[in-house]
Amino acid sequence: MNQERVFKVLLGPHMTEKAAVAAENNQYVFKVASDATKPEIKKAVEALFGKKVNSVQVLNMKGKTKRTARGVGRRAGYRKAYVTLAAGETIEDFSGAE
């Protein structure tokens, strides 16, 4: 995987209360590109952070339907990945800057 694709696969951290609880169990949540595959996500995390990845779980988040003064609109959906690191591995600089 080339360096350019690494930066296009991982779009950034996804910090929520649920992600903070998952981080205690050595799981980190990232927003990823809509066309990213599990092997690509695994290689990207290993290349960027230099950590050993055990597993990757990917899910598609559907956009919420919202009512506005002009009718019904829809927020954009996105794809996120739960990345489980090997035992003893942590990402120290995993900040909530989104």
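**Sheet, helices and core**

In this predicted model, V53 finds its bridge partner in β6, namely L85. That pair belongs to a longer run of contacts between strands: β3 and β6 lie antiparallel and are joined by eight bridges. Helix α2, residues 17-24, packs on the sheet and touches β2 and β6. The direction of α2 makes about 135 degrees with that of β2. Then there is α3, which also packs on the sheet, touching β1, β2, β3 and β6; here the angle is about 120 degrees, taken against the direction of β3.

As for the sheet itself, it is open and built from four strands, with antiparallel pairing and the order β1-β2-β6-β3. β1 (10-13) and β3 sit at the edges, each pairing on one side only. On average, and with direction ignored, neighbouring strands of the sheet are turned by 30 degrees against each other.

Next comes the nonpolar core. In soluble globular proteins, nonpolar side chains tend to be buried together. The largest nonpolar core in the model has 17 residues, and the members that touch the most others are L10, F30, V32, I41, V45, V83 and L85. At least two core residues come from each of α1 (3-9), β2 (27-32), α3 (38-49), β3 (53-61) and β6 (78-85). L85 thus turns up twice, as a core member and as the bridge partner of V53. V32 is worth a look too: with its neighbours within four places in sequence left aside, V32 is in contact with V9, L10, L11, I41, R79, K80 and A81. Among these contacts of V32, L10 and I41 are also on the list of core residues that touch the most other members.

Polar residues get buried here as well. T84, found in strand β6, has a relative accessible area of 17%, which is under the 20% cut-off, so T84 counts as buried. The side chain of T84 makes a polar contact with that of Q27, at 3.2 Å. Not counting residues up to four places away in sequence, T84 touches N26, Q27, V53, N54 and S55.

One of those neighbours of T84 is N26, which is placed in the loop between α2 and β2. Its backbone stands out a bit: phi of N26 is near 70 degrees, a positive value in a residue other than glycine. Is N26 buried or exposed? N26 is buried, because its relative accessible area of 15% falls under the 20% cut-off.

How values were computed. Residues numbered from 1 in each chain as written. Predicted model: local features only at pLDDT ≥ 70, side-chain atom pairs only at ≥ 80, totals over all residues. Heavy atoms only, no water. Core = buried A, V, L, I, M, F, W, Y, C linked by side-chain atoms within 4.5 Å. Buried < 20%, exposed > 50% of the residue type's maximum accessible area, 1.4 Å probe, protein only. Contact = heavy atoms within 4.5 Å. Pairing = 2+ DSSP bridges. Axes fitted to C-alpha atoms, helices over the stretch in contact; angles between N-to-C directions. Polar contact = N/O pair within 3.5 Å; in protein donor to acceptor, adjacent residues only side chain to side chain.
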